[in-house]
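Me: I would like a close look at one part of this model. Please set the scene first.

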Amino acid sequence: MSGTLVVGSLVLYTRIPSLTKLYISELKLELTQLVMEMVPAKIEKALPQLPTSTGPAVELPKSPF
């Protein structure tokens, strides 16, 4: 019983770094996808709408020379 507990603890202890890396990698991937989905919507809301028509041409002031 105690031998099994020691071996099980040793196996778990040696696998913790790889399990942590896997978990962090999956978490980064999910966060990246979430941010990539949110950013375009936030940018579209922040930008003003482009005008569909323009006004008359602006005349340049005449040179006094």
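What percentage of the 65 residues in the protein chain do buried residues make up? After that, focus on Tyr23 in helix α1.

Reply: The model is predicted, so local features need pLDDT of at least 70 and side-chain atom pairs pLDDT 80 or more, while totals for chains, interfaces and linings use all residues. Residues are numbered from 1 along each chain as its sequence is written, and side-chain values use heavy atoms, without hydrogens or water.

Buried residues make up 0% of the 65. Buried means under 20% relative accessible area, exposed over 50%, and partly exposed in between (1.4 Å probe, protein chains only).

The overall form comes next. The chain has one helix and zero strands. These are DSSP runs, numbered from the N terminus: helices are H or I with at least four residues, strands E with at least two. The radius of gyration is 31 Å, against near 11 Å for a compact globule of 65 residues. It is taken over C-alpha atoms; the globule rule is 2.2 Å times the number of residues to the power 0.38. Along the principal axes, the C-alpha atoms fill a box of roughly 100 × 30 × 10 Å.

Now Tyr23. It lies in α1, which spans residues 2–46. Tyr23 counts as exposed because its relative accessibility is 55%.

Beyond α1, the segment after it holds Pro61. Pro61 also counts as exposed, because its relative accessibility is 73%. Its C-alpha atom is 53 Å from that of Thr32, with 29 residues of separation along the chain.
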